[in-house]
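Hi everyone, thanks for coming. Let me walk you through today's structure, taking its pockets and its surface in turn.

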Amino acid sequence: MVKYKWPILGVLFVGFATVPVWGSEYVLLFCLLYCLYLAMSQMWNLLAGYTSLLSLGQQAFIGFSGYAVAVLTNYYGVYIWLSVLIGGFFSVLLALFMSLFIFRMRGIYFAIGTWIFAEMLLLWFSNWKYVKYGTGLFIKPPHPPSMTTIYYASLIMGAGATAAIYIILRSKIGLGLMAMRDDEDVSEAMGVEIFRSKLFCFMVGSFITGLTAGVLYVFQIFIQPYKAFAIDWTVILVFIVIIGGIGTIEGPIVGTFIYVLLSQWLAEYAHISLLLLGIIAITIILLAPTGIMGTLHQKTGFAILSPRRL
Amino acid sequence: MPDEIALKVSNLDVHYKDFQALWNVFLEAQKGEIVSVIGANGAGKSTLLNTIAGLLAPTQGAIECLGEKIDGLPPYKIVPIGITLVPEGRRIFPRLTVYENLIMGSYTPRTRSSRNEALKKIYQLFPVLKDRHNQMGDTLSGGEQQMLAIGRALMSNPKLILCDEISLGLAPVVIKSIYGRLRQINQEGITIVLVEQDIKRSLKVANRAYIMLEGKMVLEGEPSSISEEQVRKAYFGI
């Protein structure tokens, strides 16, 4: 299996890259959502799965960057993809500001700290005249990009985020991150600079999450604080990473597929969709506590994107 | 040569928030010595080692290693100077392979260049690690994990290793073999500071011993000069 790693990944990528050619509109939409959720869940995986930064505030970056895109295109007429890039940098600035406060906290306190930041942003934006309070903003670029263009942007995010986490884990600091995941104190004793490593991952996570959210809002064309800063985002990312397998690169790839498939299917049962999602999550956690890919790896040693060194 | 000082701890105070764990602690190890620190649970032995390794910052006192002042430095600066810790309870990385665990021992940039030589040496010392180099850390037996923890500490080419309770939870045969290896490591000129509950064994290998009681050093001397009564007093207060 591992021998055929690059051919398999190559075929997958070519398959995704040619969706606009062979796929129906529905398949294109499905793959677009898949890529966007994949990028964001990989980043949550990088934070929670490797650096034990249990962030419940990813929606802060999603909303902040989304609003940056809306304001820049609407009020300043900035070129749409440039504003997405700037949105990513705004997201990093927010992460830097947040880190001044939340990096003094650990574990569950860190989680609550990040969530509180997102809630504060929600209150701020929903009471801010400049962004039209809770009514929200339309993202109206003078030349709206085509669906195909948006799809390629999201493909870049999905593939890019997965490549980024793979490269980080294979790099010199990657082994340190995996050691931190296993035992923070001992990895510190071995000479890992815990604070720097965590801050680095937090910055990378906020940047890619912000960029992805920018693409998402270019696609959705409407942003509203109660949706953009809602905890629901993080709940979805947690769901994806936990059922896929936390602390593995393959986990979010599988988990995102299951989530997007389910969310499409469950849309028909909107009134009980959350209940069904919850039941599915609990069942998987009970049957496979380390997630689908984590359990598969323990049982069969299967890993296609393993950061292992030999 | 034998008179060179590898480690000198003086007047060390360490606090956990408001609680003072170490009071005016001193310790000295000559180059090439095995120094044993014994004492009851909670006497502060692990705190002492963790402070030397840089995981805790002392509130007062000085730690000198090979002429360099290291108190208050973080571990990533202390490891390259040549001090490593074999933590209590082995604490290997369970989801990393044996090889990756070892590589983690030479994580700091300055220790990276000599990685391959160190690895060769460790595989000679513990052949079982070579056989299992591709296995996950948590699939090893207790004894093998302890060997891995010692091997990991040796990866940075240390001049001084701090061993915290290396016999904890291991079978007597395994303990004997690990102590044999420890002597071998020591013969190559590496200074060892040993913290142990297993008093008899650690006094047997040590050149000098210290006894700790309630965060203070109460006795220092050659192992032969320490009487059973003195040890009993340190442990039980009688």
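I'll begin with some ground rules, then go to the largest pocket, the cavity and a surface patch.

This is a predicted model, where local features need pLDDT of at least 70 and side-chain atom pairs count only at pLDDT 80 or more, while totals for chains, interfaces and linings use all residues. Residues are numbered from 1 along each chain as its sequence is written, chains are lettered from A and ligands numbered from 1 in the order written, and side-chain values use heavy atoms, leaving out hydrogens and water.

So, the largest pocket. On a 1 Å grid over the protein atoms alone, a pocket is an open set of points with protein on both sides within 12 Å along at least five of seven lines, and lining residues have an atom within 4 Å of a point. Here the space is about 960 Å³. Its lining has 33 residues, and Tyr37(A), Asp232(A), Ile236(A), Tyr259(A) and Ser263(A) lie nearest the centre. H12(A) gives the largest share, eight residues; helices here are DSSP runs of H or I, at least four residues, and strands are E runs of at least two.

Next, the cavity, where a 1.4 Å probe fits but cannot get out. One of 30 Å³ or more turns up in the whole structure. Among the residues lining the largest cavity are Ala189(A) and Leu162(B), and S6(B) supplies the largest share, three residues.

Finally, is Met120(A) buried, exposed or partly exposed? Met120(A) sits in helix H6 of chain A and counts as partly exposed because its relative accessibility is 44%, between the 20% and 50% limits for buried (under) and exposed (over), with a 1.4 Å probe and protein chains only.

Methods
Grid points are joined across faces, edges and corners, and a volume is the space filled by probe spheres set on the points.
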